[in-house]
Amino acid sequence: MTTIEEQPKIKLGDYIIIQRQKYTKLQKFGHLDATAMLGKDQLELKALLDQPYGATFKMCPKEDLGKSHRGRQRLNTLELCSELEMRNIREVLGISQSGEDNRHIKDDGDSQALKPEDIEQLRDECSESTKIIEKIVENSKTFHSKTEYSQEKYLKKKEKKYFEFVQIRQPTIRLITEIYYRQDAEKVMGIRVDTLSQLISYSGISAFGNYLLYESGSNGLLPAAFLNSMGANTEALLVHMHPGNVPQKQAVLALNLPEEQLNRCISVNIYSVLREFYQGTSDTTKESEVAEPSTKKQKLSEEESAPEETQDEKLPETSTKPTPQKWRIENQRAVDLIHAKFDSLVIASKEHPSNLVKELLPFVKPSRPVVIFSLSKEILMELYVELKTGSKVTNLHLTSNWLRMYQILPNRTHPEVNMQANSGYLLTGYTLG
C-alpha cells in the first residue's frame, strides 16, 4: 500500500476531488487563483499545488463574504495537515450523562440558548469544530436528557456542519460516477456505479483489441470507463460513436489521463463515419440503407447529448468544434478499424437501439460480446425478440441491477431507509459467425 508521499502530485490543470466527510465534489484546479465552493465555504486552492493526492487540509477562515442566497459565506485558506486523527466527538467533549428515553423532550424551538448570530460569532472566533460543538452542547437545555443514541446522532449532525478538514483525492471512475449520479442521474442516463461495472465486465474490455462504443449522452462517462479499463501504454483502441457534432468528454478529461491514452479514443459522429465508410466502397446501395433518423429526431438527439452543468458544480468547456482536418483524420482512423472489425460492441442510447444494432453488428467479429443498455425494459424486450428470431447473436440475457446500501453498526445493522431507484437494463449476448 502506497503512502501519501508516494502519491502523484497535484498540478495546475488537474481535475481534483474535494472530500469533506462523506461529501465529494469534482473541481478543476485550472490556475492559482482558482476557488471552490463547499456549501457556504469558499476555498482558495493555491495551497494544493505540488502537494500529494490524499493529503488533508484544514480550512482556515480568512474573510467574511457576507450573505447570499446560500446564507452567510466565508473565504477560507487551506493549511496542510500532517495527519488527520480519527476522533470520537463524544469522548473529546467528555460527555457521560444521557437520558433513558426522549418522551419528555419537547421540540418547541427554545432548547438552544445560543442565537444564530452567537453561533456565527463562534465560527469566526473558534478555529476548531469541537469548540463550537462544545459551546452548542453546553447551551442546549435538552441534550443531556436525550438517549445516548440520540446524542450521537445530534453530535454527528453538528460535526458534519462545522467539520473543518477536507481531503484532496485523485479522480477515479467510481468517484466520478457517484458524483455525476448524485448531481443528476439523467445526465449519465441513470447509469449507477454497479451498472457501469456490469457493463464493463460483460463487454470484455482489456488492454488488447479494438472496441466499438455508441452512446448518446453520458457526460463522457462511458468512454472514460472504457479508456480506464484499457489502461495506459497498451494496444487497445476505442471507436466512440455519438450523434452530435461534438463528443461529450467531461468525465474523460476529469481522469487526467496521459495524452497517448486519450489519443486511443477515436470520437466520431455516427452518421458521418458510416457515410464515409460506405462511400469508400463500390457498394453504393448500402449507403442509402444507413439508418439515419429524421432531421427532427437528429436535432433532439444532439440536444439530449449536449453537455449540461449544475448550479453547484459548473465544469469548464471541455471541447471545441473539431477542425475539418482533424474530423477527417478521426473518420479515416475509425473507417480503417471498421474494416478490420471489432472485439466488442456496446450501445447505450436514449433512442430505440434496434436500427443501431442492425447497422453496427456486422462490424463485430464472431464470438464477441454485445452489450446494449437502456432505461426501458420494454425496448430491450422488443430487441431481445428481434435478435432471438435472427441468427446473428446467441446466449441472450436481459438483466437488471438492484443496489441497496446497508448501515453497519453494532446492534444497529439495517438497510438504509432511502435507496436508489432502478439503474437501467442490460441486454447481453455473443455474435455468431
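This note sets out several points on the predicted model, for a reader new to the structure.

1. The sheet. An open sheet of seven strands runs in the order β10-β9-β8-β11-β12-β16-β13, and its pairing is mixed. In general, the strands of a sheet pair through backbone hydrogen bonds, in either a parallel or an antiparallel sense. From one strand to the next, the twist averages 15 degrees.

2. The edges of the sheet. The edge positions are taken by β10 (265-269) and β13 (393-400). Each of these has a single partner strand, so one side of each is left without a neighbour in the sheet.

3. The pairing of β13. Strand β16 (residues 425-431) pairs with β13 in the antiparallel sense, over six bridges. One position may serve as a guide to this pairing: Thr394 has Tyr430 of β16 as its bridge partner.

4. A residue within β16. Strand β16 also holds Thr428. Its relative accessible area is 7%, and Thr428 is therefore buried, the cut-off being under 20%. Leaving aside neighbours within four places in sequence, Thr428 is in contact with Tyr202, Val370, Val371, Asn395, Leu396 and His397.

5. Helices across the sheet. Helix α10 (residues 270-279) lies across β8 (210-215), β9 (237-242) and β10. With respect to β10, α10 runs at about 90 degrees. Helix α13 (residues 324-340) likewise lies across β8, β9 and β10, and its direction is at about 100 degrees to β10.

6. The pair α5 and α7. Helix α5 (residues 173-183) and helix α7 (residues 221-230) have axes that come within 11 Å and cross at roughly 170 degrees. Angles over 145 degrees count as roughly antiparallel, and α5 and α7 are therefore roughly antiparallel to each other. On the α5 side, the contact is made by Ile173, Ile176 and Thr177; on the α7 side, by Leu221, Ala224, Ala225 and Asn228. By class, the residues of this contact of α5 with α7 are five nonpolar and two polar, with no charged residue.

7. Ala251 and its surroundings. Ala251 belongs to helix α8 (residues 250-254). Its relative accessibility is 0%, so Ala251 counts as buried. Residues up to four places away in sequence are not counted in its contacts, which are Ile176, Tyr180, Asn219, Gly220, Leu221 and Ala224. Of these, Ile176 in α5 and Leu221 and Ala224 in α7 are also among the residues where those two helices meet. The C-alpha atom of Ala251 is separated by 8.8 Å from that of Ser218, a residue 33 places away along the chain.

8. Positive phi at Asn256. The loop between α8 and α9 (259-262) contains Asn256. Phi of Asn256 is near 55 degrees, a positive value in a residue other than glycine. With a relative accessible area of 28%, Asn256 is partly exposed.

9. Positive phi at Ser367. Ser367 is found in the loop between α14 (354-360) and β12 (369-374). Here too phi is positive in a residue other than glycine, with a value near 60 degrees for Ser367. At 55% relative accessibility, Ser367 counts as exposed, since the cut-off is over 50%.

Notes:
Residues numbered from 1 in each chain as written. Predicted model: local features only at pLDDT ≥ 70, side-chain atom pairs only at ≥ 80, totals over all residues. Heavy atoms only, no water. Axes fitted to C-alpha atoms, helices over the stretch in contact; angles between N-to-C directions. Helix = DSSP H or I, 4+ residues; strand = E, 2+ residues; numbered from the N terminus. Parallel < 35°, antiparallel > 145°, perpendicular 65-115°, else oblique. Contact = heavy atoms within 4.5 Å. Nonpolar A, V, L, I, M, F, W, Y, C, P; charged D, E, K, R; others polar. Pairing = 2+ DSSP bridges. Buried < 20%, exposed > 50% of the residue type's maximum accessible area, 1.4 Å probe, protein only.
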